[in-house]
Amino acid sequence: MNAANPQPTGSPQLASNRPFQRAAVLGAGVMGARIAAHLANAGLAVDLLDLGDRAAAGLKAAAESKPAPFYVPDYAQRIRTGSLEADLGRLAEADWVVEAIIEDLSAKRQLLKTIVPFLKPDAPLTTNTSGLPVAAVGAELPAEVKRRWFGTHFFNPPRYMRLLEAIPGPETDEAVMSRLLAFVDQRLGKGVVRAKDTPNFIANRIGTFSLMRTLQLMSEMGLTVEQVDALTGPVLGWPKSATFRTADLVGLDLLAHVVANAYENLPHDEAREIFRLPAYFQEMIQRGWLGDKSGQGFYKKGERNAQGERDILALDLASLQYRPRQKARFPGLELAKTREDLPSRLQEVLRSPDAAGQFLWRLLSSVWRYTAARIPEIADEPWQIDQAMRWGFNWALGPFELWEAAGFDVVAERMEKEGEALPAWAQARRAAGKAAPPPADPPGVLRLDVIRKANRVVQQNAGASLLDLGDGVGCIEFHSKMNAIGEDILRLTTTALTARDSPFEAWVIANEGENFSVGANLLLLLMAIQEDDWDEVDLAVRAFQGMTQAIRHSPRPVVAAPFQMALGGGCEVMLHAAQVVAAAETYCGLVEVGVGLIPAGGGSAAMARRAMVSAEALRAAGPGSESLPRQEAIRAVFETMALAKVATSAEEARRLGFLRPGYVMVPNRDRLIAVAKAEARRLADEGYAPPGPTAVAAPGPNVRATLEMGAYLMRQAEYITDYEQHLAGKLAAVLCGGDAPAGVPLPEQRWLELERETFLSLCGEAKTQERIRHTLQTGKPLRN
């Protein structure tokens, strides 16, 4: 993990330079156990303590939960469970102690009083309260402990939600807080926002208001659950789960607690009365309809139909009866969806005179006014609130950014025409004539949009750009739709990497999209197949192989920087790089079997090469069967590819063979490109030389027969279909070197020919074409 602990200055007694190695989490409920899991992901040894044997039960529940809280399951072994009654002595070993018990002020104070004698003298002590005043929780702590006491509010699930709100107490030592927050940024991958000690802090304050205003308007306008979710999702840059699916995911009981906390502790808030749950919400809680955790909430799954699928039912809020989910239709919404970018969609729908436009204007205008009025109550600067909502609620744009996207002056004038007074912040923004820019990025963050604005674009086309990162490092940036790899990306990448007179000494392949790359452009492939243009298909495959070979054999080191999804062709780019600097949350895999194909951009050849190199290393390490290492190595690769396994973290990707052991993992994606640039520069400075042409021994017919027998047995057990058995046989042939005898060295080009010939033959099969069409239409693989 490429993240050193910070070395802050400050009080030597408190701002210790000792690295964080062990932590303790007090409370093994949903949040406590998952915080412990993410601390274990960061490499810490963790003590998880609760009453009696609750810690062991909490850890077990977390380990079995979805989405997985651990990067890989065995990281759970880094957590030692214990009891608050018998094991408080362990706190003396902890470099950081996190309190995460129930949201009850007296219970928290009592626990803190109990643990004080056991704390390490310089260890930060923090609370994960979601809304209780941090100063009040720690009010009875001794003075020397108050200096290292503050709030660290994680969002659920802690591994996946980027936001951590840091709330200082009145006596918090800045050096202690800064040291811990640097660790949280670099090792936990968190986006840290400093919040004031106000009820529900920043994100939950604004998010709760948005939710309650949505429920209020829904009732006034007579909208359904489905209609509201259609209006409060991607059209606003908000998550697909929108309002009610999100409520089901979070849990209605937890939402009720946050809403109640706002009402009880905001006596002077101008919108206080909105923080009252409607009767149907309270009734749902009484009935135990808490969302996903109870199997039903605003939505639930119905009985299985004739196809074995379960329909989704939605709740009618008037009758509290479930009915089949209905598609919401609004002319204004449909028109807005045709716009490419978020500002255009937003402006279009807000102009609409239909119910969609009316609802969203009333909702957003109230959210904007309420949020602007919270400056400086909950935060001093708008960008802090924007960051909190982007990282904590997964909004594409924070509320102030969203107001600017809608047109600040247009919105302000419309508010005033409707008799609404502008908050003081909005008046100051109007007087200034433009929004204040956010602060510069901290050291260690490099953004491609900043590079672009600095006019450091060397070359570009519709799908990719060549950027100058400085220090002799160039960047190949994908920016096609979903970063699907088509002719534009292939041409620019190959040309850049094979140019003899390049001004660059090293390369990074990176981008700032939602995903690194979802793979090859299947639509273009299907169009060529349907037109029987087999020469075009063959040229496309050769061009893809040419690009990955250019990456592999570039005389200048190429560092790939994947994040989120790196599937199919995106994974093949990774496989051929000299080094990979991967975000911790990298989900990669060779999934071509799902569309009836095999990897043919060099992916099958690369995985076979890695397997055989690994097998030869095992054989050289000690005596044993000549064929067994080859068979086991190829079998593992075959299973990974034939089952289209997708790694759910960078570390799992390493274990599946997609990443080499020396890869660099970066927990905070904001730091990914800077680390990749540094790695590329390091390789160049060390005199990097690319691998030469490599001949790899074929596993041979016996290994191939073993793989085919495995596929046959899976078919007999009805784990796979007849066609999937057929695909597995094709893949086995490629991975085993075709008809080559065992041990015969096959040159790199022959492996590429095998995967290309197999790919082309599968393209001509009707069931493969059916799979491709189905995937393009539904986004899901077809089991035929």
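This report walks through some helix packings, strand pairings and single residues in a predicted model.

## The eight-stranded sheet

Let's start with the open sheet. Its eight strands run in the order 3-2-1-4-5-6-7-8, and the pairing is mixed. Strand 3 (79-83) and strand 8 (191-194) sit at the edges, each pairing on one side only. Going from one strand to the next, the twist averages 25°.

At the strand 8 end, the partner is strand 7 (residues 163-168), and the two pair in the parallel sense over four bridges. If you want a residue pair to look for, take leucine 163, whose bridge partner in strand 8 is glycine 191. Helix 15 (residues 382-393) packs on this sheet, touching both strand 7 and strand 8. The direction of helix 15 makes about 140° with that of strand 8.

## Helices 13 and 14

Two packed helices are described by the angle between their axes and the distance between the axes. For helix 13 (residues 342-351) and helix 14 (residues 355-372), the axes come within 7 Å and cross at roughly 115°. Helix 13 and helix 14 therefore count as roughly perpendicular to each other.

Which residues make the contact? Helix 13 brings Leu346, Val349 and Leu350, while helix 14 answers with Ala356, Gly357, Leu360, Trp361, Leu364 and Trp368. By type, that contact splits into eight nonpolar residues, one polar and no charged.

## Arginine 414 joins in

Two residues from that contact turn up again beside arginine 414, which is found in helix 17 (residues 408-417). Leaving aside neighbours within four places in sequence, arginine 414 is in contact with Leu350 and Trp361. Those two belong to helix 13 and helix 14 respectively.

Arginine 414 and tryptophan 361 are 53 residues apart along the chain, yet their C-alpha atoms are separated by 9.9 Å. Is arginine 414 buried or exposed? Neither, as it happens: its relative accessibility is 30%, so arginine 414 counts as partly exposed.

## Helices 20 and 22

Here's another helix pair to pull up in the viewer. The axes of helix 20 (residues 487-498) and helix 22 (residues 534-553) come within 9 Å and cross at roughly 35°. The crossing is left-handed.

On the helix 20 side, the contact uses Ile489, Leu490, Thr493, Thr494, Leu497 and Thr498. Facing them from helix 22 are Ala540, Ala543, Phe544, Gly546, Met547, Ala550 and Ile551. Sorted by type, the contact residues come out as nine nonpolar, four polar and no charged.

## Strands 17 and 19

Strand 17 (residues 564-567) and strand 19 (residues 586-589) pair in the parallel sense, with four bridges. Across that pairing, methionine 565 stands opposite tyrosine 587 in strand 19.

In a regular strand the side chains alternate between the two faces of the sheet. How do the residues of strand 19 point? Thr586 and Cys588 go one way, Tyr587 and Gly589 go the other, and all are buried.

## Threonine 768

The last stop is threonine 768, which has its place in helix 31 (residues 766-778). Its relative accessibility is 0%, so threonine 768 counts as buried.

What surrounds threonine 768? Not counting neighbours within four places in sequence, threonine 768 is in contact with Val595, Gly596, Leu597, Tyr723, Leu762 and Cys763.

Technical notes. Residues are numbered from 1 along each chain as its sequence is written. This is a predicted model: local features need pLDDT of at least 70, side-chain atom pairs count only at pLDDT 80 or more; totals for chains, interfaces and linings use all residues. Side-chain values use heavy atoms; hydrogens and water are left out. Axes are lines fitted to C-alpha atoms, for helices over the stretch in contact, and angles run from 0 to 180 degrees between N-to-C directions. A crossing is left-handed if the near helix is turned anticlockwise from the far one by less than a right angle, and right-handed if clockwise. Contact means heavy atoms within 4.5 Å. Ala, Val, Leu, Ile, Met, Phe, Trp, Tyr, Cys and Pro count as nonpolar, Asp, Glu, Lys and Arg as charged, and the others, Gly among them, as polar. Two strands pair if DSSP finds at least two bridges between them. Angles under 35 degrees count as roughly parallel, over 145 as roughly antiparallel, 65 to 115 as roughly perpendicular and the rest as oblique. Buried means under 20% relative accessible area, exposed over 50%, partly exposed in between (1.4 Å probe, protein chains only).
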